[in-house]
Amino acid sequence: MKKTICLLPGDGIGPEILAQGVAVLKAVGQKFGHEFCMEEALIGGAAIDATGQPLPDATVETCRKADAIFLAAVGGPKWDGLAPEIRPEKGLLGIRKALGLFANLRPALLLPELAGACLLRADVAAKGLDLIVVRELTGDVYFGEPRGVEVRDGLRTGYNTMIYNEEEIRRIARVAFETARQRNKKVCSVEKSNVLESSRLWKEVVIETHKDYADVELSHMYVDNAAMQLVRDPSQFDVILTGNIFGDILSDEASVITGSLGMLPSASMGASGPGLFEPIHGSAPDIAGQDKANPLATILSAAMMLRLAFQLGAEADAVENAVRQTLRDGFRTGDIMEEGKTLVGCTAMGQKVVERLLAG
Ligand code: NAD
């Protein structure tokens with residue numbers, strides 16, 4: 001198979017971790033006989049420095065022509081003082097918008113090898129945590145109009161609009177049901193329909209869409225309860241389907257309880273065109289350029305790319321198994337270091353995974 005991948009290294013630890021993700025993809029190509037053509041483009045602070053814009057047109061063009069996009073991270077203190085329109089993070093929002101990436105998939109998995117890092121009580125963690133949050137990414141209160149800050153009755157007043165139409169709900173619900181079909185066939189739709197009209201429509205449309213997915217079990221939960229249940233008993237969840245703002249918060253909560261920010265990948269998909277694959281963490285400026293970053297979230301994002309963008313399930317499994325074997329063999333970067341394990345840097349960690357992938 002021949003595929004083109006647009007690489008967006010970005011800022012901070014971005015270039016270091018992406019190099020390891022690329023090394024793993026090259027090893028997959030070598031082992032399984034695929035050709036991955038990589039083309040690099042600018043985003044974030046690096047793009048601002050070179051062009052004055054966080055998302056140059058040339059980057060959008062390169063992304064559009066690719067079969068998948070592999071992004072590391074953007075941002076850093078150097079650009080914090082810039083106006084909001086040209087901050088590095090605008091590059092991220094811009095590329096999601098330009099490519100119509102409406103579905104954000106974030107797995108949260110507690111690997112037995114890293115159970116010690118989990119923030120939950122041991123008896124709760126022992127039940128396991130293997131869920132995926134399917135978050136709508138292009139609608140809701142983050143994009144709804146009208147929005148603004150104005151003076152009303154002599155008081156400064158800020159307002160936003162929580163809004164979804166039925167088609168936006170239907171298409172993300174389908175992604176959740178399809179995802180569940182490849183997992184444990186359970187979807188929990190999370191909203192606040194006891195208070196919000198947009199949530200009432202959400203629930204109604206999810207129930208309608210479910211008629212095409214009778215093999216998948218559907219349940220409903222209010223967002224405040226979901227936030228509690230994630231901590232009380234995350235083992236009850238398989239796929240959590242939710243809107244943009246609730247998903248923003250719940251996906252961070254689900255990932256932090258695993259205790260390993262440097263381990264968690266994500267995918268953002270559109271109706272057609274290339275998907276975008278990236279670790280969930282940021283550019284970690286505090287450790288940038290020191291070969292200390294954990295590249296495993298980026299490497300696991302490459303596995304998601306293989307599975308979701310290229311339908312290469314066996315290759316994705318091989319990458320995930322190589323990561324687990326590396327951990328089983330006791331190698332750890334600083335962020336997941338435990339007593340009795342072997343501390344390695346970013347490059348060495350990537351090499352260990354490549355060695356196990358090629359040997360497996
Ligand atoms: P961060 O995720 O970059 O870092 C939080 C903490 O986790 C830091 O101590 C960092 O060293 C550590 N960390 C993160 N990734 C790690 C890894 N792979 N290995 C080891 N340690 C890791 O979040 P932050 O500090 O809030 O943000 C830093 C910059 O990143 C900001 O400019 C922010 O806007 C940006 N950011 C970008 C993205 C993205 O590109 N998707 C996401 C979040 C934050």
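These legends go with five close-up views of a predicted model.

**View 1. The open sheet and its ten strands.** Here's the sheet: it is open, has 10 strands and mixed pairing, and follows the order β2-β1-β3-β12-β11-β4-β5-β10-β8-β9. β2 (35–40) and β9 (217–222) sit at the edges with a single partner strand each, so one side of each has no neighbour in the sheet. On average, neighbouring strands are turned by 25 degrees against each other, ignoring direction.

**View 2. Strand β4 with a sheet partner and a helix.** Pick up β4 (residues 103–109) and you'll see it run antiparallel to β11 (residues 265–269), with three bridges joining the two. One bridge pairs Ala-103 with Met-269 of β11. Strands in a sheet pair through backbone hydrogen bonds, parallel or antiparallel. β4 is also one of the strands that helix α6 (residues 166–181) lies across; the others are β5 (130–136), β8 (186–191), β9 and β10 (239–242). The helix runs at about 165 degrees to β5.

**View 3. The ligand and the residues around it.** Which residues come closest to the ligand? Out of 19 that surround it, the closest are Glu-89, Gly-282, Ala-284, Asp-286 and Asn-294. By type, the shell splits into nine nonpolar, six polar and four charged residues. Now for some polar atoms: His-281 places a polar side-chain atom 3.1 Å from a ligand nitrogen, and a side-chain N or O atom of Asp-286 is 2.8 Å from a ligand oxygen. On its own the ligand has 810 Å² of accessible area, and the protein covers 68% of that.

**View 4. Ala-284, a ligand neighbour in a loop.** Zoom in on Ala-284, which is found in the loop between β12 (275–279) and α10 (296–309). Its backbone offers an N or O atom 2.8 Å from an oxygen atom of the ligand. Ala-284 also has a positive phi, near 40 degrees, despite not being glycine. For background, most residues other than glycine have a negative phi.

**View 5. A cis proline and the β6–β7 hairpin.** Start in the loop between β5 and β6, where Pro-146 is found. The peptide bond joining Glu-145 and Pro-146 is cis, with omega at about 0 degrees. Then come β6 (residues 148–152) and β7 (residues 155–159), antiparallel and joined by five bridges. Gly-148 has Tyr-159 as its bridge partner in β7. The two strands make a hairpin with two residues between them, and in the turn Asp-153 has a positive phi of about 50 degrees.

Notes
Residues are numbered from 1 along each chain as its sequence is written. This is a predicted model: local features need pLDDT of at least 70, side-chain atom pairs count only at pLDDT 80 or more; totals for chains, interfaces and linings use all residues. Side-chain values use heavy atoms; hydrogens and water are left out. Two strands pair if DSSP finds at least two bridges between them. Helices (H or I, at least four residues) and strands (E, at least two) are DSSP runs, numbered from the N terminus. Axes are lines fitted to C-alpha atoms, for helices over the stretch in contact, and angles run from 0 to 180 degrees between N-to-C directions. Contact means heavy atoms within 4.5 Å. A residue is near a molecule or strand if one of its heavy atoms lies within 4 Å of it. A polar contact is a pair of N or O atoms within 3.5 Å; within protein, one must be able to donate a hydrogen and the other to accept it, and residues adjacent in sequence count only if both atoms are side-chain atoms. Accessible areas come from the Shrake-Rupley method with a 1.4 Å probe; for residues, only the protein chains shown count as cover. Ala, Val, Leu, Ile, Met, Phe, Trp, Tyr, Cys and Pro count as nonpolar, Asp, Glu, Lys and Arg as charged, and the others, Gly among them, as polar.
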